[in-house]
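Good morning, and thank you for making time for this presentation. I would ask you to keep the sequence and the structure in view while I speak.

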Amino acid sequence: MKPQRQNVREGGLTISLRVMRSMTKLYQNSLLLPDDLILEIFSRLPSKFIARCRCLSKLWASTLRDQDFQNQYELSLQEINTQRVRYELKSFQNDNELYSRVSAMQPPRQNVSKGGELTNYRGVTRSMTRRHRNSLPVPDDLAMEIFSRLPPKAVARCRCACKLWSSMLRRQDFTELFLTKSCARPQLLFAREDRSVSKYIFISSPQPENPQENSYVVAANHLARFPRSNGFYGCTCTSGFFCYGDDRNLKGLQRPVHVPVISNPSTGQSLTLPRWNSKNKYGVESYLGYDPIAKEFKVLSMNKSRVSNEWISVEHQVLTLGTKKLSWRLVECCIPHRSSSQWICISGVLYYAARAVGSSVNSMVVSFDLRSEKFSSVKFGKAIPDSTTLVNYDGKLGLLMSGDSHDASGARTSFELWVVRDAAKHEWFNHIYVLPPSWEDVVSETMYIAGMIGTNEIVFSPSYQRVPYYVIYFNVERKTITKVGIQGLEAFHGGSFHTYLNYVQNVKLL
């Protein structure tokens, strides 16, 4: 039963219960968050933003002067290993003058006349007004800065706090700001296929800068678990999104079909792409790319068909993520070739090693521009071994080779890097990195190349993990070998992990 509408007399104005209901609705969209999340939000801010937040309301000023918060703030600085100067929080205690200026902008308080049964509404009205004034009247730039400094799990919790926050944290400009800040602090990503529980497990850790001997990082951030079916192929990361091929049992087909799956370890979401517009559902190879200009993720897929007694890639199709209705569309490819599982996306261009018609080995690199959706190729001139790792070398495509072997052992003496100089002229230049004698002493088991950081560090990871888990950094300029321990993976002793470099967190929803 709805209560009878009643009015409150206030300084010549009549305030109905509909207005108070509106005020109650505003209060419901304010800062109704658990204490631990509130403290986590503020502890991630630099000191100058804490000063601004203290001037927004008395409630925030009291919270940010509390000794418990100051202790957590200091712990947060140590946890993220920041190099910025630590300002003394006590230096911001004398901000009463600035708070007075902010308070002066509030409308003057007016009295509510008492009248019969309406006396109780005066306290309710003042209470709602006071509590709403202590909510989140934050400038847009400050609010965006606050949220962009939170970890993805905290952003997900904030999305559930109210409609206002949910709308703000789903906006394109916020996801771009968050991605930009994440690119400034890339991480290591560990992916494991756990057959015992039929899950794909993703764990991240800080990516050390200038690692020193006997250094450790903590991989305590368990990101997500995704269901697995029958396989796990050709996986890699692009701008925080993870693309892998999976075998799924689809209705109406006699055997499992290899389908591309897109997942976001930061948000825990995964998306199985729709079925192909083709009768041939098998032998599909898929690549995920990100166009930084159009701000779009696209998936390029193709299948293999036997033509003139030779297998080549046919039916090249593209799908754009983020559209209302996901659908494949055909694109024309005038370069006969056979694709491979070696690929990378650099500055809006997909690159993958390929086999030319008439060749028995990969001897070229095919590129696909995500904006123009055009194919081109760069001839390499000799065989590209299966152990080759495609890397981003200062914005250019690089081929990092460890010889004919798929792995790197202690007996290896050098590595070779080929970088595209002029794609139109099919010109390459190469570097040969000779390993120091300490390599044989440090490496005691089979390793594989995880990738390259910048232009001077090659990272290796064990094929099968032991406790303690570690990665090896080879600085090609200083000729140093550094072993970096990864703590927090003890529960996965003996399991096989895939290690990915330069992982960035992305809060974009699928």
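**A guided walk through the model**

Let us begin with helix α8, in which L142, A143, M144, E145, I146, F147 and S148 are buried. Please bear in mind throughout that this is a predicted model. Helix α8 covers residues 140–148, and with seven of its nine residues buried, the helix is mostly covered.

A second helix may be set beside that one. How many of the eight residues of helix α3 are buried? Six of them are, so helix α3, which spans residues 47–54, is largely enclosed by the rest of the structure. The buried residues in α3 are S47, F49, I50, A51, C53 and R54. As a general reminder, an α-helix has 3.6 residues a turn, so residues three or four places apart point the same way.

I turn now to a sheet. Four strands form an open sheet with antiparallel pairing, in the order β15-β16-β17-β18. Which strands stand at the edges? They are β15, residues 337–346, and β18, residues 374–379; each has a single partner strand, so one side of each is left without a neighbour in the sheet. On average, and with direction ignored, neighbouring strands of this sheet are turned by 30° against each other. The pairing of β15 with β16 can be described further. Strand β16 comprises residues 349–356, runs antiparallel to β15, and is joined to β15 by seven bridges. One bridge partner may be named: I346 is matched with V349 in β16.

The next topic is the aromatic rings. The count of aromatic pairs comes to 15. One of these is formed by F202 and F242, whose arrangement is edge-to-face, with 4.7 Å from centre to centre and 75° between the planes. Why does this pair tie together separate parts of the sequence? F202 lies in strand β4, residues 199–206, and F242 in strand β8, so the pair connects parts that are 40 residues apart in sequence. F202 has a relative accessibility of 1% and counts as buried. F242 is also buried, at a relative accessible area of 0%.

Another edge-to-face pair consists of F380 and W428, with 5.1 Å from centre to centre and 85° between the planes. This pair too links distant parts of the chain: F380 is in the loop between β18 and β19, W428 is in strand β22, and 48 residues separate them. F380 and W428 are both buried. Returning to the earlier pair, F202 and F242 form one aromatic cluster together with Y500.

Let me now consider the cysteines. How many disulfides does a search of the whole structure find? The search finds zero. C162 serves as an illustration: the closest cysteine sulfur, in C158, is 9.0 Å from the sulfur of C162, which is too far for a bond. C162 itself counts as buried, at 8% relative accessibility.

I should next like to draw attention to some individual residues, starting with N475. This residue is found in strand β25, residues 469–475. Is N475 buried or exposed? Its relative accessibility is 3%, so N475 counts as buried. A polar atom of the N475 side chain lies 3.0 Å from the backbone nitrogen of E477. Leaving aside residues up to four places away in sequence, N475 touches N456, E457 and T480.

Two residues deserve mention for their backbone angles. Most residues other than glycine have a negative phi. S239, however, has a positive phi near 50° and is not a glycine. S239 is placed in the loop between β7, residues 233–238, and β8, residues 241–248. With 25% relative accessibility, S239 counts as partly exposed. H426, likewise not a glycine, has a positive phi of about 60°. The loop between β21, residues 414–422, and β22, residues 427–434, holds H426. H426 counts as partly exposed, at 32% relative accessibility.

Finally, I come to R275, which is in the loop between β10, residues 269–272, and β11, residues 284–291. R275 has a relative accessible area of 41% and is partly exposed. The C-alpha atoms of R275 and W328 are separated by 8.6 Å, while the two residues are 53 residues apart along the chain.

Thank you for your attention.

Terms used. Residues are numbered from 1 along each chain as its sequence is written. This is a predicted model: local features need pLDDT of at least 70, side-chain atom pairs count only at pLDDT 80 or more; totals for chains, interfaces and linings use all residues. Side-chain values use heavy atoms; hydrogens and water are left out. Two strands pair if DSSP finds at least two bridges between them. Helices (H or I, at least four residues) and strands (E, at least two) are DSSP runs, numbered from the N terminus. Axes are lines fitted to C-alpha atoms, for helices over the stretch in contact, and angles run from 0 to 180 degrees between N-to-C directions. Buried means under 20% relative accessible area, exposed over 50%, partly exposed in between (1.4 Å probe, protein chains only). A polar contact is a pair of N or O atoms within 3.5 Å; within protein, one must be able to donate a hydrogen and the other to accept it, and residues adjacent in sequence count only if both atoms are side-chain atoms. Contact means heavy atoms within 4.5 Å. A disulfide is a pair of cysteine sulfur atoms within 2.5 Å. Rings of Phe, Tyr and Trp (its six-membered ring) pair if their centres lie within 6.5 Å; planes under 30 degrees apart count as stacked, over 60 as edge-to-face and the rest as tilted.
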